[in-house]
Amino acid sequence: MTIEDAKPKLIYYKTIFEQVQRKRLSFVNRIVVLLTFFSSLFIGIFAGSSLWFWPLKWLLLGVSLILVRHCKESTQTLENPGFKTFFRQFLGQVFCADFVSHLLAYGISGFTYWVILFSQKSDDLTYYIITPTRTVLPYINDQFVYFWFFLGTLVLWQSIQQAVFLRNKLNFQIGVYRIEPRSEFNLINFTTVLSGSLTSSVLVSLSTPILYVLSRSSVYNVLLYPFYWILGLNHNRPHLNIGFGFFCSLFYHSLLLTLQWEFVNLVYDIYVRIGCIDKDKALSLQSADPVNTLLSGLKDVNHPFVQFTAFQELTYIATSSKPEDRKLFYSAHSKNSYVWNTILEECTSYINENIKHIERRMVEFDDITKFLQPQPAEISGGLRRSELAVPPTIFGNSKYQASSEGTPEYDSANEIFATPTSPGKLSSQFYSLAHDYNNIDNIHLVVQPIQKVLLGYYQLLIQSSIGVPFRKTLSREAASRVKNPVLLGNVIIAFSTFLLHSQTEDKVGVVKGSLAQVLEILAKLISATGNFTDHPPLPPTMLETEQPKTHIIDIIHDLSMKQFFELAVKFNHVLNDLILSPTVFKLAKWSIDTAIEEQKKQETLQKKQTLKATGVSILH
């Protein structure tokens with residue numbers, strides 16, 4: 001046996017991940033079967049149907065809901081879609097393949113439920129109405145048409161909800177590597193679930209009659225026209241026939257069907273987000289070579305969920321209270337290099353990619369502003385947000401620094417973004433530009449002011465209540481630049497926490513040797529996020545219309561500052577021996593000075609409390 005044969009065969013992280021996911025989804029299928037057991041009973045409450053057909057109903061409903069679960073699995077995503085307005089999000093999510101998948105899955109599930117319901121009400125929902133005389137052909141039953149029209153509206157609304165409101169996005173938390181299904185079930189607010197389903201049912205039940213009346217002529221004259229000839233029915237349109245009892249029956253069944261869909265999606269979200277721990281062990285530990293198995297997951301860019309779970313496990317290992325969990329990473333080799341070098345490369349690569357996205361188009365703020373204002377010179381990046389009490393020479397876009405570098409100074413954001421041209425000046429501008437028509441070279445002098453005025457009108461529109469769906473917001477702008485903030489946060493925590501533990505655990509010095517590199521990349525991220533926070537890439541008029549709130553880039557900035565602060569304080573004694581850029585050195589010095597000030601405040605407070613306690617004891 002050769003040395004190569006003696007090495008354990010590498011099991012890819014993707015293989016283990018898929019095995020664990022299949023096992024977890026089997027629990028979802030069991031809950032779905034249990035759910036359909038009760039729903040198949042409730043579906044016949046008002047129909048008095050025979051129990052002989054109950055097993056068939058149970059089977060059909062179970063298969064249809066498992067199809068909804070498969071649709072959820074095939075369309076799930078971890079990233080923000082990146083749409084900067086709700087209108088763009090609506091169009092982008094509706095006109096895509098995932099929306100078609102939702103229509104098919106919910107359409108088949110709803111059709112199965114409606115067929116069962118139709119079989120129980122076959123006497124009331126015949127497709128024709130017998131006329132008193134045989135000389136007159138039977139009319140089509142209006143209730144039959146409305147019955148299926150209602151289903152179409154319900155399926156369309158459910159599909160729009162899933163797609164437009166990003167219900168297929170899996171929501172994780174930064175630094176959380178495991179959730180317990182039982183605890184998550186205990187946290188479910190069934191009142192909220194019921195109220196959501198009730199709202200959808202009420203909305204569909206009230207809007208469908210209106211839509212049906214408005215489109216009734218088209219339904220009968222276009223969609224149903226071939227059936228007149230095939231089934232030999234009367235071509236005249238029947239009277240509208242939506243009784244109160246029929247209305248209430250459809251409302252009840254729409255609520256029951258919507259509740260089933262909601263619970264299937266809810267249960268799926270819980271089990272698929274369990275995390276990187278299975279049977280109290282990390283997924284990579286199921287392999288004989290856990291380190292290289294984990295590395296295969298960190299590099300798996302073709303399967304985002306696999307890569308996300310691998311970084312989730314790396315965060316778990318880095319934050320573990322057991323030093324032996326990290327022992328292999330300080331000494332193990334992979335392809336003639338230390339494992340830590342590969343981990344550091346993957347982490348820095350992902351952070352650099354996000355830095356590029358955060359920094360892109362920080363000057364070219366908006367298509368409107370290039371016509372509403374002269375283009376300013378590029379603004380230099382900074383390291384801090386305006387809230388941090390740090391000297392302006394260290395961090396941030398300071399106007400004092402800008403003047404020394406030749407960059408224009410701005411006292412406020414209104415100096416960067418010009419006020420929209422008043423529409424009342426339109427006629428005078430046309431008059432002043434009339435002479436420019438004689439020279440074709442000056443045509444841009446005519447076109448550009450017209451564009452400026454028209455875009456001024458557009459900006460006034462989006463600032464009104466009507467323009468809310470078309471308005472760009474800071475939170476959407478941030479989400480478009482950091483598509484997966486949870487993964488970025490886990491990456492930051494993982495490689496910086498590894499470095500924090502290395503001071504006492506890394507005997508070889510493999511991890512500690514990358515301190516300068518980690519500080520540099522964290523400083524770059526702090527600079528990019530701080531620049532975005534201090535100088536939001538939106539016109540001031542848009543910022544005024546949005547209520548102040550924390551966005552994801554702000555959260556990433558705070559997390560980066562926290563990790564940089566801890567590293568600087570932890571390795572204070574070796575910072576002078578490192579080759580750091582001046583900016584990183586100043587940021588590290590500020591961190592240490594801040595830590596010293598906090599320590600002095602704590603000592604002063606403790607002394608005051610001690611003196612106060614001593615004085616009280618003396619008095620007694």
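This is a walk through a predicted model, stop by stop, with something to select at each one.

**The whole chain**

Start with everything shown as a cartoon. You should find 24 helices and 6 strands. The protein has 620 residues, and 45% of them count as buried. Now think about who touches whom: among contacts with a separation of 6 or more, 80% are made by residues 24 or more positions apart.

**Into the core**

Select W114, L314, I343, I351, F495 and F564 and show their side chains. The largest nonpolar core has 118 residues, and these six touch the most other members. Stay on L314 for a moment and bring up what surrounds it. Which residues is L314 in contact with, once its neighbours within four places in sequence are left aside? The answer is L294, L298, I343, C347, A494 and F498. One of these, I343, you already have on screen from the list of best-connected core members.

**Rings, rings, rings**

Next, colour the aromatics. The whole structure holds 30 aromatic pairs. For a single example, zoom in on F37 and W54, an edge-to-face pair with 5.3 Å from centre to centre and 80 degrees between the planes. The two rings sit 17 residues apart in the chain, F37 on helix α2 (residues 13-42) and W54 on helix α3 (residues 54-75). Is F37 buried, exposed or partly exposed? F37 has a relative accessibility of 26%, so it counts as partly exposed.

Then select F111, Y113, W114, F118, F144, Y146, F147, W148, F149, F150, Y212 and F246 together. Ring pairs link this set into a cluster. W114 may look familiar, as it was among the core residues that touch the most other members.

**A loop residue at the start of α6**

Go to N141, in the loop between β2 (139-140) and α6. N141 has a relative accessible area of just 5%, so it is buried. Show its surroundings and, beyond its neighbours within four places in sequence, you will pick up contacts with D124, L125, T126, Y127, Y128 and I129.

**An open pocket**

Carry on to the second largest pocket, with a volume of about 590 Å³. To centre your view, select R167, E262, N265, L266 and D269: out of 23 lining residues, these lie nearest the pocket's centre. Which helices each supply at least two residues of the lining? Colour α6 (142-164), α7 (181-187), α8 (190-223) and α10 (244-272) to see them. As for chemistry, the lining of this pocket splits into 7 nonpolar, 9 polar and 7 charged residues.

**A closed cavity**

Now for a space with no way out. How many cavities of 30 Å³ or more turn up in the whole structure? The search finds 1. The largest cavity encloses about 40 Å³. To see its walls, select F17, Q21, R24, F172, V272, G275, F305, F308, T309 and Q312. Two elements, α2 and α12 (304-319), give two or more residues to this lining. The largest share comes from α12, with 4 residues. By class, the cavity lining has 5 nonpolar, 4 polar and 1 charged residues.

**The turn between β3 and β4**

Select K279 and D280 and check their backbone angles. Most residues other than glycine have a negative phi. K279, though, has a positive phi near 55 degrees, and D280 has one of about 65 degrees. K279 lies in the loop between β3 (277-278) and β4 (281-282), and D280 lies in that loop too. Are K279 and D280 buried or exposed? K279 is exposed, with a relative accessible area of 67%, and D280 also counts as exposed, at 74%.

**Last stop: Q286**

Move along to Q286, in the loop between β4 and α11 (290-298). Q286 counts as partly exposed because its relative accessibility is 35%, between the 20% and 50% cut-offs. Add Y13 to the selection and draw a C-alpha to C-alpha distance: 9.6 Å, for two residues that are 273 apart in sequence. To finish, show what Q286 is in contact with, apart from neighbours within four places in sequence: I16, V20 and D278.

Note on methods. Residues numbered from 1 in each chain as written. Predicted model: local features only at pLDDT ≥ 70, side-chain atom pairs only at ≥ 80, totals over all residues. Heavy atoms only, no water. Core = buried A, V, L, I, M, F, W, Y, C linked by side-chain atoms within 4.5 Å. Buried < 20%, exposed > 50% of the residue type's maximum accessible area, 1.4 Å probe, protein only. Contact = heavy atoms within 4.5 Å. 1 Å grid on protein atoms, 1.4 Å probe; cavity = no way out; pocket = protein on both sides within 12 Å on 5 of 7 lines; lining within 4 Å. Points joined across faces, edges and corners; volume = space filled by probe spheres on them. Nonpolar A, V, L, I, M, F, W, Y, C, P; charged D, E, K, R; others polar. Phe/Tyr/Trp six-rings, centres within 6.5 Å; stacked < 30°, edge-to-face > 60°.
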